[in-house]
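Reader: I am new to this structure and would be grateful for a guided introduction. May I put some questions about it?

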Amino acid sequence: SGISGRIDMDRIYGQESISKPVKKEKILIMPKRAEDNEVIIEYLKRRGINDNVISFFIEQGLIYQSVPMNNIVFVGYDENNIPKYAGMRGTEKYRYIGDAYGSDKTFPFRLVNKDNTNIHIFEGAIDLLSYATLLYEQGSDFKSQNLVSLSGVYKPTKNMTNAQIPLSLRTVLKDNPQLKTVYLHLDNDSAGRKAAEVISNLLKDKYTVKKHFVPVGKDV
């Protein structure tokens with residue numbers, strides 16, 4: 001009790017004894033799959049998506065119908081073909097949009113072709129399917145394209161020095177070194193145009209970037 005001075009707690013207990021919180025990886029909980037896809041097929045057809053485009057994406061396991069809500073589920077896979085992302089959209093009158101618990105936007109809803117040097121970027125999954133439909137109806141092979149959904153609106157920071165490429169796009173570009181040209185098909189509104197401008201500035205030193213806005217309406 002006569003000892004004075006600072007007590008070295010690290011020396012007494014050891015530095016390793018101080019526990020630090022460990023960040024646990026979220027496990028993706030996929031929405032339960034319905035026995036058929038009748039509701040989402042009818043929904044997508046009402047949205048103008050071509051039957052052949054719908055069939056292809058269902059066959060590839062990229063979209064399916066959930067139960068009990070009959071939502072359409074857009075699936076993103078990692079390099080080992082394991083689902084890592086599941087975006088949901090309501091097919092009824094109410095406008096439900098959300099991601100399944102544990103979704104990782106590092107692996108967005110997309111169609112990838114390693115032999116193609118072009119990549120087409122969209123805000124939402126329906127935009128992607130709409131563009132695939134336009135290609136199909138023009139006689140082009142949409143299956144040979146690189147099509148990627150950002151899974152939502154990209155909102156860049158006001159300070160350009162802190163601006164970053166959307167995570168979903170950054171990952172696809174890193175994993176596909178063959179890519180040379182980036183086509184931005186973002187919404188034709190103030191938010192979409194601003195996002196396209198920021199992304200274009202961030203990529204222009206390494207890629208050819210082309211901004212494509214629809215001539216009529218807001219999006220593809």
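Reader: How much area does the chain expose, and what percentage of it do carbon and sulfur atoms supply?

Author: The model is a predicted one, and the values given here are computed from it. The area exposed by the chain is about 13,400 Å². Of this area, the portion supplied by carbon and sulfur atoms is 49%.

Reader: What percentage of the residues of the chain count as buried?

Author: The chain has six helices and nine strands. A residue counts as buried when its relative accessible area is under 20%. Of the 220 residues, the percentage that meets this description is 45%.

Reader: Among contacts between residues at least 6 apart in sequence, what percentage join residues at least 24 apart?

Author: The count concerns contacts within the chain, and it sets aside pairs that are not at least 6 apart in sequence. Of the contacts that remain, those joining residues at least 24 apart make up 67%.

Reader: Which strands stand at the edges of the open sheet?

Author: Four strands form this sheet, with antiparallel pairing, in the order β1-β2-β3-β4. A strand at the edge has a single partner, so one of its sides is left without a neighbour in the sheet. Neighbouring strands are turned by 25° against each other on average, direction ignored. The edge strands are β1 (63-65) and β4 (97-99).

Reader: Which residue in β4 does Gly87 stand opposite?

Author: Strand β3 covers residues 83-89 and pairs with β4 in the antiparallel sense, over three bridges. In β4, the residue opposite Gly87 is Asp99.

Reader: Is Asn71 buried or exposed?

Author: Asn71 lies in the loop between β1 and β2 (72-77). Leaving aside residues up to four places away in sequence, Asn71 touches several others, including Ile40, Tyr64, Met88, Arg89 and Tyr96. The relative accessibility of Asn71 is 6%, and the cut-off for the buried class is under 20%. Asn71 therefore counts as buried.

Reader: How are α2 and α3 oriented to each other, oblique or roughly parallel?

Author: The axes of helix α2 (residues 38-46) and helix α3 (residues 51-59) come within 10 Å and cross at roughly 140°. Angles over 145 degrees count as roughly antiparallel and those under 35 as roughly parallel, while 65 to 115 is roughly perpendicular. The angle of roughly 140° belongs to none of these classes, so the two helices are oblique.

Reader: Which residues of α3 make the contact with α2?

Author: The crossing of α2 past α3 is right-handed. From α2, the contact involves Ile41, Leu44 and Lys45. From α3, the residues are Asp51, Ile54 and Ile58.

Notes:
Residues numbered from 1 in each chain as written. Predicted model: local features only at pLDDT ≥ 70, side-chain atom pairs only at ≥ 80, totals over all residues. Heavy atoms only, no water. Buried < 20%, exposed > 50% of the residue type's maximum accessible area, 1.4 Å probe, protein only. Contact = heavy atoms within 4.5 Å. Areas by Shrake-Rupley, 256 points an atom, 1.4 Å probe, with all protein chains shown as cover. Pairing = 2+ DSSP bridges. Axes fitted to C-alpha atoms, helices over the stretch in contact; angles between N-to-C directions. Left-handed = near helix turned anticlockwise from the far one by under 90°.
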